[in-house]
Amino acid sequence: LTNREELLARIRAQMHEKRFNHTLGVAQSARNLAVRYGADPDKAELAGLLHDYCKCWPVEKMFEILVRHDMPTELLEGEKELWHAFAGAIVIQTDLGVTDTDILQAVRYHTTGRAGMSLLEKVVCVADYIEPNRIFPGVDEIRALAEKNLDQALALALGGTIQFLIEKQKTVYPLTLIAYNDLVSRKG
Ligand code: DGI
Ligand code: FE
Ligand code: FE
Ligand code: FE
């Protein structure tokens, strides 16, 4: 991959149009947040472009990649919705040659979060919630908060996801709870 056009075409080929538009939105929102909070804007944009790289792949393909890379049982036996983040971090490395650890981690933890998230991880995770195409109850409040306090915006976003999962009687991945607790206990 030698240029941006080629990269965009490669990403475009992995997903349907709506997901690609979301991807472009996350890249732009991540760049904006990076500028505001002092993360690397180019890394943020690239992580945004790559964050859902294998979101639309068949689950069998993601599962195979995760098994080959010794992912924890709790992930393999848990919600398939989480697989694209962990598989994506592997695939952009093996298939696209991305080596930047900050970017790989931002992709890996963009869905679940984790304790002690890096600034870039937070930026991508929040951008995923607030990009312009996103519409869900409470999104405007998260957008507004993201202008003022990144940690609080992320706590609100993850809290909303946890609430949503509980309402649907779905499992909450341990890392998501840890990420939420970590952000809420730090806020002063
Ligand atoms: O890939 P996107 O749709 O852009 O967004 P995402 O990667 O943040 O989330 C994908 C889905 O994963 C979303 O429907 C919510 C779900 N999710 C996030 N955290 C958890 C979760 N699902 C479960 N079961 N447990 C979690 O902790
Ligand atoms: Fe995702
Ligand atoms: Fe899809
Ligand atoms: Fe996304």
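What percentage of the 188 residues of the protein count as buried? The figure is 37%. The notes below concern a predicted model.

1. Overall make-up. The protein has 11 helices and zero strands. From the N terminus on, the order of elements is therefore α-α-α-α-α-α-α-α-α-α-α. The radius of gyration is 16 Å, close to the 16 Å that the globule rule gives for 188 residues, so the protein is as compact as a globular protein of that length. Along the principal axes, the C-alpha trace spans about 45 × 35 × 30 Å.

2. Range of contacts. Taking contacts between residues at least 6 apart in sequence, 60% join residues at least 24 apart.

3. Annotated domain. An unreviewed UniProt entry carries the annotation "domain: HD" for residues 19–133. That span is 65% helix and 0% strand, and its end C-alpha atoms lie 10 Å apart. The annotation comes from the record and may be inferred rather than shown by experiment.

4. Nonpolar core. The largest nonpolar core holds 47 residues, and the members that touch the most others are Ala-30, Ala-47, Val-123 and Val-126. At least two residues of this core come from each of helix H2 (17–37), helix H3 (41–50), helix H6 (83–94), helix H7 (101–108), helix H8 (119–130), helix H9 (139–146), helix H10 (150–167) and helix H11 (174–186). H8 gives the most, with eight residues. In soluble globular proteins, nonpolar side chains tend to be buried together.

5. Val-126. Which residues does Val-126 contact, leaving aside its neighbours within four places in sequence? They are Leu-33, Ala-146, Leu-150, Ala-153, Leu-154 and Ala-157. Val-126 is also one of the core members with the most contacts to other members.

6. Asp-128. This residue is found in helix H8. Asp-128 counts as buried because it has 22 C-beta neighbours inside 10 Å, where 20 or more is the cut-off. Beyond four places in sequence, Asp-128 touches Val-26, His-51 and His-110. Asp-128 and Arg-114 are 14 residues apart in sequence, and their C-alpha atoms are 15 Å apart in space.

7. Leu-145. Helix H9 contains Leu-145. Is Leu-145 buried or partly exposed? Leu-145 counts as partly exposed, because its 19 C-beta neighbours inside 10 Å fall short of the 20 needed for a buried residue. Not counting residues up to four places away in sequence, Leu-145 touches Gln-152, Ala-153 and Leu-156. For Leu-145 and Leu-156, which are 11 residues apart along the chain, the C-alpha separation is 8.8 Å. Ala-153 also appears among the contacts of Val-126.

8. Ligand shell. How many residues surround ligand 1? There are 17, and the closest are Glu-79, Glu-81, Thr-111, Tyr-173 and Thr-176. By class, this shell has five nonpolar, six polar and six charged residues.

9. Thr-111. One of the closest residues to ligand 1 is Thr-111, which lies in the loop between H7 and H8. Thr-111 is buried, because 23 other C-beta atoms lie within 10 Å. Not counting residues up to four places away in sequence, Thr-111 touches Leu-82 and Ala-85. Thr-111 and Ala-27 are 84 residues apart along the chain, with a separation of 15 Å between their C-alpha atoms.

10. Positive phi at Asp-70. Most residues other than glycine have a negative phi, and most peptide bonds are trans. Phi of Asp-70 is near 55°, a positive value in a residue other than glycine. The residue lies in the loop between helix H4 (59–68) and helix H5 (73–76). Why does Asp-70 count as exposed? Asp-70 has 7 C-beta neighbours inside 10 Å, and a residue with 12 or fewer counts as exposed.

11. Positive phi at Gln-169. Gln-169 is not a glycine, yet it has a positive phi of about 55°. Its place is in the loop between H10 and H11. Gln-169 is exposed, because 6 other C-beta atoms lie within 10 Å and 12 or fewer is the cut-off.

Key
Residues are numbered from 1 along each chain as its sequence is written. Chains are lettered from A and ligands numbered from 1 in the order in which they are written. This is a predicted model: local features need pLDDT of at least 70, side-chain atom pairs count only at pLDDT 80 or more; totals for chains, interfaces and linings use all residues. Helices (H or I, at least four residues) and strands (E, at least two) are DSSP runs, numbered from the N terminus. A nonpolar core is a set of buried Ala, Val, Leu, Ile, Met, Phe, Trp, Tyr and Cys residues joined through C-beta atoms within 7 Å. Two residues are in contact if their C-beta atoms, placed from the backbone, lie within 7 Å. A residue is near a molecule or strand if its C-beta atom, placed from the backbone, lies within 6 Å of it. Ala, Val, Leu, Ile, Met, Phe, Trp, Tyr, Cys and Pro count as nonpolar, Asp, Glu, Lys and Arg as charged, and the others, Gly among them, as polar. The radius of gyration is taken over C-alpha atoms; the globule rule is 2.2 Å times the number of residues to the power 0.38.
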